[in-house]
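Do you have your viewer open and ready? Load the model shown below, and let's walk through it together, one selection at a time.

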Amino acid sequence: MSKQDADLLQNTPLFGSMPIDALERLAEKAVSKLYARGEVIFREEDSGDALCVVVAGLVKVYRTSSDGDEMLLVTLGPSSVFGELPMVDGGLRSASAAALEATTVLTVTRSALLEALRGSPELADSLLGSLGSVVRRLTDQAADLVFLALHGRVAKLLLSLAEERGTSEADGRTLDLHLTQSDLANMVGGSRQSVNQVLNSFERLRYLELDGRRIVIRKPELLQRRSGQSD
């Protein structure tokens, strides 16, 4: 499986710049595991002894309050890397991760990553870039919570998800989210009821169509306009 795992690693932004022989050595030390839908991959405050790569499936990364409420930070599909921060500072997990559907994850231990860093200087630049992307995403999310009204936050989220994993069709761009409205609400800092009201208002305006967890975006240019509104 190491050749197949090396090919997977090569398709990620983090490991793609490494020479193939170095990737194959790293892949030999990687471990693949299948998680059932809803199964936790790791929890915040766990020991951060490995980073993870999504082979197949869908993962959510989230924080949990002391009352048990969730804030969904991001969802990640195949070739996405997560759990990088403890690789750098040796600390504990800053968030939890769980499978949203049957998901295969490849794990690379911190010791294997540090060894790869010593042999592949270009990997250090990629790791810094990966961490920078995480910081930028969290900064954008924090700014949106302060500066954008809920309609704007929902519109911006839908456009982002459509760009990442939407499929183009003759009548629009379709999102099959594998997310509940509660999940969407957690991502934009609103209640499930308020997000439902926003989605229904967008449907009445013919910006989109709702079909269970499937959303067809009809007028992305109007959603784009709403995504910049602060009131």
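What follows is a tour of a predicted model, with a few stops at helices, cores, salt bridges and loops.

**Stop 1: two helices that cross**

Start by selecting residues 150-165, which form helix α6, and residues 181-188, which form helix α7. Two packed helices are described by the angle between their axes and the distance between the axes. Here the axes come within 10 Å and cross at roughly 110 degrees. Angles from 65 to 115 degrees count as roughly perpendicular, so that is the word for how α6 lies relative to α7.

Now show the side chains where the two helices meet. On α6, pick L150, R153, V154, L157 and L161; on α7, pick L184, M187 and V188. Which classes of residue make this contact? There are 7 nonpolar residues and 1 charged residue, with no polar ones.

**Stop 2: into the cores**

Keep L184 selected and look at what surrounds it. Leaving out residues up to four places away in sequence, L184 touches L157, L161, L177, L179, V195 and L199.

L184 also belongs to the largest nonpolar core, which has 30 residues. Color V154, L158, L175, L184, V195 and F202 together: these have the most contacts inside that core. Which elements each supply at least two residues of this core? They are α6, α7, α8 (192-204), β12 (214-217) and α9 (220-226). Helix α6 gives the most, with 8 residues.

Next, pick A27, V53, V81 and M87 in another color. They are included in a second, separate core of 23 residues.

**Stop 3: a strand residue, buried or exposed?**

Select I215, which sits in strand β12. Is I215 buried or exposed? Buried means under 20% relative accessible area, and I215 has 2%, so I215 is buried.

Display the neighbors of I215 next. Setting aside residues within four places in sequence, I215 is in contact with L158, R173, T174, L175, L177, L208, E209 and L210. Take T174 from that list: I215 and T174 are 41 residues apart along the chain, yet 5.8 Å separates their C-alpha atoms.

From T174, move to E169 in strand β9 (residues 167-169). E169 touches T174 and R214, again not counting residues up to four places away in sequence. E169 is partly exposed, with a relative accessible area of 38%. For a distance check, draw a line from the C-alpha of E169 to that of I41: the two are 34 Å apart in space and 128 residues apart in sequence.

**Stop 4: salt bridges**

How many salt bridges are counted in this model? The count comes to 8, and we will visit some of them.

First, select K60 and E70, whose side chains meet in a salt bridge with an N to O distance of 3.1 Å. K60 is in strand β4 (residues 59-64) and E70 is in strand β5 (residues 70-76), so this pair ties together parts that are 10 residues apart in sequence. K60 counts as buried, at 13% relative accessibility, while E70 counts as partly exposed, at 28%.

Next, go to K156 and D144, another pair of side chains in a salt bridge, 3.1 Å from N to O. K156 belongs to helix α6 and D144 to helix α5 (residues 121-147), so the bridge ties together parts that are 12 residues apart in sequence. K156 is partly exposed, with a relative accessible area of 34%; D144 counts as buried, at 16%.

Then find E209, which you met as a contact of I215. E209 forms a salt bridge with R218, and their closest N and O atoms are 2.9 Å apart. Both ends are partly exposed: E209 at 38% relative accessibility and R218 at 26%.

**Stop 5: two loop residues with positive phi**

For the last stop, select S79, in the loop between β5 and β6 (81-82). Its phi is near 75 degrees, a positive value in a residue other than glycine.

Finish with R206, in the loop between α8 and β11 (208-211). What is the phi of R206 near? The phi of R206 is near 65 degrees, also a positive value in a residue other than glycine. Switch on the surface, too: R206 counts as exposed, at 62% relative accessibility.

Conventions: Residues are numbered from 1 along each chain as its sequence is written. This is a predicted model: local features need pLDDT of at least 70, side-chain atom pairs count only at pLDDT 80 or more; totals for chains, interfaces and linings use all residues. Side-chain values use heavy atoms; hydrogens and water are left out. Axes are lines fitted to C-alpha atoms, for helices over the stretch in contact, and angles run from 0 to 180 degrees between N-to-C directions. Helices (H or I, at least four residues) and strands (E, at least two) are DSSP runs, numbered from the N terminus. Angles under 35 degrees count as roughly parallel, over 145 as roughly antiparallel, 65 to 115 as roughly perpendicular and the rest as oblique. Contact means heavy atoms within 4.5 Å. Ala, Val, Leu, Ile, Met, Phe, Trp, Tyr, Cys and Pro count as nonpolar, Asp, Glu, Lys and Arg as charged, and the others, Gly among them, as polar. A nonpolar core is a set of buried Ala, Val, Leu, Ile, Met, Phe, Trp, Tyr and Cys residues joined through side-chain atoms within 4.5 Å. Buried means under 20% relative accessible area, exposed over 50%, partly exposed in between (1.4 Å probe, protein chains only). A salt bridge is a side-chain nitrogen of Lys or Arg within 4 Å of a carboxyl oxygen of Asp or Glu.
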